[in-house]
Amino acid sequence: MLKSHSHFKAGLIAISALAVLALLPAGASAGCGGGGLTPAEVDMCTPTPKARLLKNGMLIPPKSAPGRVKRVIAFANRIRTKPYVWGGGHGRWWDRGYDCSGSVSYALHGGDFLESPLPSGPMERWGLGGEGRWITVYANPGHAYAVIAGYRWDTSGDSNGTGPRWHEDLRNNVGYVPRHPAGF
């Protein structure tokens, strides 16, 4: 009797487990709440770490940021003290100053996301639509800026001068088209 009772309990546990699995929606393990995630799914389900802004205006990328994102930040840091110059950064990559789209283009070029600079209007069609995980470019016909690892890269909104700078505060995105590089 003891042997048949333990077989009965084992069978009941197995049937209960199958019933629970049958109640789960199809593909539940592929969502962020399920187990058995692939490395890509884990990456997409993990919140994006935020960079760190130093007092000197330099942005330090998170250690877990992809290499291309780190290079975008490094390129942006190179020009973070340059003045605002209308048309700057469009005739050549290294320039005496940068306008909004020139500074965004220069940063994106660092991560091999752009081969040549883009004005703000064409940035409305660059990359993929919507916000990215690490990099989002916001563009309209008159202005462009980016949010990279949680910080805004912009030529406007700085009380310490004009030109490309990192900003902790994000801006109102009404009237802007969000775009991002595939996979970022």
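## An enclosed helix, a strand covered on both faces and a salt-bridge network

Helix α4, which spans residues 100–110, is largely enclosed by the rest of the structure, because ten of its eleven residues are buried. The model described here is predicted, and the protein averages a pLDDT of 83, with 73% of the residues scoring at least 70. Over residues 10–30, however, the pLDDT is below 50, and beyond near neighbours in sequence this stretch has six contacts in the model.

### Helix α4 and its surroundings

The buried residues of α4 are C100, S101, G102, S103, V104, S105, Y106, A107, L108 and G110. These buried residues pack against two helices, α3 (67–78) and α5 (120–123), and against the strands β4, β5 and β6. At the start of α4, a side-chain oxygen of D99 reaches to within 3.4 Å of the backbone nitrogen of S101, and S101 is itself one of the buried residues of the helix. Just after α4, D112 takes a positive phi of about 60 degrees.

### Strands β4, β5 and β6

Strand β5, residues 143–148, is mostly covered, and six of its six residues are buried. The cover extends to both faces of the strand: H143, Y145 and V147 are buried on one side, while A144, A146 and I148 are buried on the other.

Strand β5 pairs with β4 and with β6, in each case in the antiparallel sense. Six bridges join β5 to β4, which comprises residues 135–140, and within this pairing Y138 has Y145 of β5 as its bridge partner. The connection from β4 to β5 is a hairpin that runs through two residues. On the other pairing, β5 and β6 (residues 151–154) are held over three bridges, and the bridge partner of I148 in β6 is Y151. A hairpin again makes the connection, with two residues between β5 and β6, and A149 in this turn has a positive phi of about 50 degrees. Strands β4, β5 and β6 are also among the elements against which the buried residues of α4 pack.

### Salt bridges

The structure holds four salt bridges, among them the three pairs listed below.

| Acidic residue | Basic residue | Closest N to O distance |
|---|---|---|
| D95 | R92 | 3.2 Å |
| D169 | R152 | 3.2 Å |
| D154 | R171 | 2.8 Å |

In general, side chains of opposite charge can pair when their charged atoms come close.

Two of these pairs draw on strand β6 and on the loop between β7 and β8. The side chains of D169 and R152 meet in a salt bridge at 3.2 Å, N to O. Because D169 lies in the loop between β7 (165–167) and β8 (177–180) whereas R152 lies in strand β6, the pair ties together parts that are 17 residues apart in sequence. R152 counts as buried because its relative accessible area is 3%, whereas D169, at 45%, is partly exposed.

D154 forms a salt bridge with R171, the closest N and O atoms being 2.8 Å apart. This pair also links distant parts of the chain, with D154 in strand β6 and R171 in the loop between β7 and β8, 17 residues apart. D154 counts as buried because its relative accessibility is 1%, and R171 is partly exposed with a relative accessible area of 28%. Together, R152, D154, D169 and R171 are linked in a network of salt bridges.

### D95 in the loop before α4

D95 lies in the loop between α3 and α4, and its side chain meets that of R92 in a salt bridge. A polar contact of 3.2 Å joins the side chains of D95 and R92 as well. How the two residues are covered can be read from their accessible areas: D95 is buried, with a relative accessible area of 10%, whereas R92 is exposed, with a value of 51%. Leaving aside residues up to four places away in sequence, D95 touches K82, G88, G89 and H90.

Note on methods
Residues are numbered from 1 along each chain as its sequence is written. This is a predicted model: local features need pLDDT of at least 70, side-chain atom pairs count only at pLDDT 80 or more; totals for chains, interfaces and linings use all residues. Side-chain values use heavy atoms; hydrogens and water are left out. Buried means under 20% relative accessible area, exposed over 50%, partly exposed in between (1.4 Å probe, protein chains only). Helices (H or I, at least four residues) and strands (E, at least two) are DSSP runs, numbered from the N terminus. Two strands pair if DSSP finds at least two bridges between them. pLDDT is the predictor's confidence in each residue, from 0 to 100. Contact means heavy atoms within 4.5 Å. A polar contact is a pair of N or O atoms within 3.5 Å; within protein, one must be able to donate a hydrogen and the other to accept it, and residues adjacent in sequence count only if both atoms are side-chain atoms.
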